[in-house]
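Trainee: I've got a model open and I'd like to learn how to read it feature by feature. Can we go through it together?

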Amino acid sequence: MNAADFFWISGQALVQNRRRSLLSLVGVVIGVVAVTCLTAIGEGALRYVTDQFASLGSSIVIIAPGRNETTGGMPLGVGGIPNDLTLADSRFLERRIPAVRTAIPVAASSGKIRHGGKSRQVPIIGTTADFERMQKLELAAGTFLPEGDPERGSSVIVLGHTVARELFGPALALGQTVRISGSRMRVVGVLAERGTQLGLQIDETVFAPVSTVMRIANETSLTRLMLDLQPRAEQKRVIARVRELLTERHDEEDFTCISQDAVMASLSSILRILTLAVAGIAAISLAVAGIGIMNVMLVSVSERTEEVGLLKALGASRRQILAIFLIESALLSVAGGIAGLGAGSALVALGRAIYPAVPLATPAWAIGAVLGLSLATGVGFGVWPAWRAAGLDPVAALQGR
Amino acid sequence: MIRVEDLWRTYVMGDHELHALRAVNEEIADGEHVAIMGPSGSGKSTLLNVIGCLDSPTRGRYLLDGEDVAGLSDEALADIRLRRIGFIFQSFHLIPRLSARENVALPLVFAGIPAAERRARADRALEAVGLADRAGHRPNELSGGQKQRVAIARATIMGPRLLLADEPTGNLDSRSGTQVLDVLSALHREGRTLLVVTHDPAVARRADRVIVLRDGEIAKRVAGTDVTDLNRLFDFGGGAS
Ligand SMILES: Nc1ncnc2c1ncn2[C@@H]1O[C@H](COP(=O)(O)OP(=O)(O)O)[C@@H](O)[C@H]1O
Ligand SMILES: [Mg+2]
């Protein structure tokens, strides 16, 4: 008896009981749709994050003041208070490392911004003109921060879209004066609506020259130093060079380097684990579906008791009967798997049409896994019914007992 | 050749035992046509099932062509049923979703014969029982006699030397019964051993000899031509039936 014949016999029986076969498929279909959709969402999130990083265009290394203790250096305090990360460091690294196109200092703070009778608590980002290019900011009106020496902090400010609307309404903000933490600043630009990017609510943020913000916040250290690298620069090598130069300059390694690659890698791995976890939970529903298949197969075996007896009388061996029923349940579950993949893909396509921003897509591994799982479900849960069929006593079976 | 020695088949029902066969000794030579008769419940089907390797005796020996089947594996027994024995049942046992041709070809499937050859052989077997034009029909589109002839085609498709028929005409009117018996007689004339369980004296009269069972024991052995009416045949001198 060859494989095609097994499929023929098993398939015949399924087609005969079309309605019952279809019903038993529903469970598998639901499980597979769940896996397909959930992994598509996970993969979509991953691609979304990747795209966001890619949208920055350039390759960035970030330096933060203070030693990251997780790497196991000396505890803070033993080596003294870390040195400030200064604008001088920024200029120094930009000059000394050729792979660094621009060093963009960032001083983050927050404060109350006022105009007329209105006020609002906002994050304040102190930076330079280069920040606009690096973050690909778009202006609705005016210009971003002026070019020139970052040490010379002028009293100008750029408002995020929401901030401008709340303080000025539809009126023109450009050229107006706002007060922020006691200082008077002139609005030189308003950003176009943007939404969230890498965790920063750009629409709700205001931007001012870095030294201005440091002065207002009474800060001596930068919050971050972002090194915008030449297109083909290797982040690892730049980081090594930064460590070397800055450690020498500060007499100790009192800063932390984060590469964009590393951030993305850890974000990706978190998202992958999350995706796997939800896919795993969805896969449990396949086990439930398996019980449905088992039930249907048990009914099928008891309905076809006579037929099993006949097949045995005609010369079918135990093993052949076992195979016939196992293939039958495997066919059921794999058909359910394929139908579920179809339905799931349709849902994913629909989701993509509705939320084009998130690139939903079921990853190839999930498709393979879900088909493999449904096959395993059919075979696994088909064993008991098939075993029962194979073990039937032919004489009793022929009499329908 | 079939040889049974001190054959018992005992069913344990709760705390008492029911002997469907008790101490049966019999030898059937190749090419014989033997009828098995006896009142209902006398053990006819049980004997046929043991001989057909569908059932195994509780005690005693069954030698098929000199080989004791007791020690054989499930695979080996299945293979004997497949290649050496053809079964014909009172209720036909055709699979309703399969065409006549597919029903006939089923044993060929288990023998691993390719589809094209199966089809050709099934068609020839159907032709031999006069049903060439019904090959594509489903069982529910066939008369009782036609169904039984399809079942005979199926029983013979692997070319077994031994045919076992359990009341083959029990569900048929006399005309289609006669047709079926003619087919069986023809198969016997080709040299096959034929064992027929029957209630019908007309069926038994075609046999070379008749074994009469009573309560699981062989009560009489008579020649086929001696079978006249059942009352005489089943009168075992005890007076009861
Ligand atoms: N599976 C079984 N369990 C218990 N008793 C059985 C079983 N099969 C048959 N018998 C009994 O064995 C006896 C012989 O049965 P059977 O061979 O079918 O008789 P026949 O074919 O002559 O009518 C009967 O008394 C029947 O009730
Ligand atoms: Mg019987």
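Trainee: Let's take B:Pro96. Does it count as buried or exposed?

Mentor: The general idea is to look at relative accessible area, where over 50% is exposed and under 20% is buried. B:Pro96 comes out at 56%, so it counts as exposed. Keep in mind as we go that this is a predicted model.

Trainee: Where in chain B is B:Pro96 found?

Mentor: Look in the loop that links β6 (85-88) to α3 (100-110) of chain B. You can also get a feel for distances from there: B:Gly170 is 74 residues away along the chain, and the two C-alpha atoms are separated by 20 Å.

Trainee: Now a contrast. Which helix holds B:Ile80?

Mentor: Helix α2 of chain B, residues 74-83. B:Ile80 has a relative accessibility of 5%, which is why it counts as buried. Its C-alpha atom and that of B:Val222 are separated by 30 Å, with the two positions 142 residues apart along the chain.

Trainee: And how do I read a residue in a strand, say A:Ala208? Is it buried or exposed?

Mentor: Use the same accessibility scale. A:Ala208 is buried, because its relative accessible area is 0%. You'll find it in strand β10 of chain A, which covers residues 206-209. Try a C-alpha to C-alpha distance here too: A:Val187 is 21 residues away in sequence and 9.6 Å away in space.

Trainee: What does the side chain of B:Thr10 make a polar contact with?

Mentor: For a polar contact, you look for a pair of N or O atoms within 3.5 Å. Here the side chain of B:Thr10 pairs with the side chain of B:His19 at 2.9 Å. B:Thr10 sits in strand β1 of chain B, and at 13% relative accessibility it counts as buried.

Trainee: What about cysteines? How many disulfides does the structure hold?

Mentor: The thing to look for is two cysteine sulfur atoms within 2.5 Å. Across all chains, the structure holds zero disulfides. You can still ask how covered a given cysteine is. A:Cys37 has 18% relative accessibility and therefore counts as buried, and B:Cys53, at 5%, counts as buried as well.

Trainee: Next, backbone angles. What is there to notice about the phi of A:Lys136?

Mentor: Start from the general rule: most residues other than glycine have a negative phi. A:Lys136 isn't a glycine, yet its phi is positive, at about 55°. This lysine lies in the loop between α4 (130-135) and β4 (139-142) of chain A. With 43% relative accessible area, A:Lys136 is partly exposed.

Trainee: And what is the phi of A:Asp251?

Mentor: It's positive too, about 70°, although A:Asp251 is not a glycine. You'll find A:Asp251 in the loop between α7 (235-250) and β12 (255-259) of chain A. Its relative accessible area is 70%, so it is exposed.

Trainee: On to the ligand. Where does ligand 1 lie?

Mentor: Ligand 1 lies between chains A and B. To read a site like this, start with the residues around the molecule, then go to individual atom pairs. Here 13 residues surround ligand 1, and among the closest are B:Gly41 and B:Thr46. The shell has five nonpolar, six polar and two charged residues.

Trainee: Which element supplies the largest share of that shell?

Mentor: That's α1(B), with three residues. In chain B, β1 (2-13), β2 (16-28) and α1 (44-51) each supply at least two.

Trainee: And which atom pairs should I look at?

Mentor: Go through the oxygen atoms of ligand 1. One lies 3.0 Å from a backbone N or O atom of B:Gly43. A backbone N or O atom of B:Lys44 is 2.9 Å from a ligand oxygen. With B:Ser45 it's the side chain: one of its N or O atoms is 2.8 Å from an oxygen atom of ligand 1. As for cover, ligand 1 has 560 Å² of accessible area on its own, and the protein covers 70% of that.

Trainee: Last one, zooming out. Which domains does the assignment give for chain A?

Mentor: When you read domain bounds, check whether a domain is made of one segment or several. In chain A, domain 1 is 3-52 + 266-398, and domain 2 is 105-224. The C-alpha centres of these two domains lie 56 Å apart.

Terms used
Residues numbered from 1 in each chain as written. Chains lettered and ligands numbered in written order. Predicted model: local features only at pLDDT ≥ 70, side-chain atom pairs only at ≥ 80, totals over all residues. Heavy atoms only, no water. Near = heavy atom within 4 Å. Polar contact = N/O pair within 3.5 Å; in protein donor to acceptor, adjacent residues only side chain to side chain. Areas by Shrake-Rupley, 256 points an atom, 1.4 Å probe, with all protein chains shown as cover. Helix = DSSP H or I, 4+ residues; strand = E, 2+ residues; numbered from the N terminus. Nonpolar A, V, L, I, M, F, W, Y, C, P; charged D, E, K, R; others polar. Domains from an automatic or database assignment. Buried < 20%, exposed > 50% of the residue type's maximum accessible area, 1.4 Å probe, protein only.
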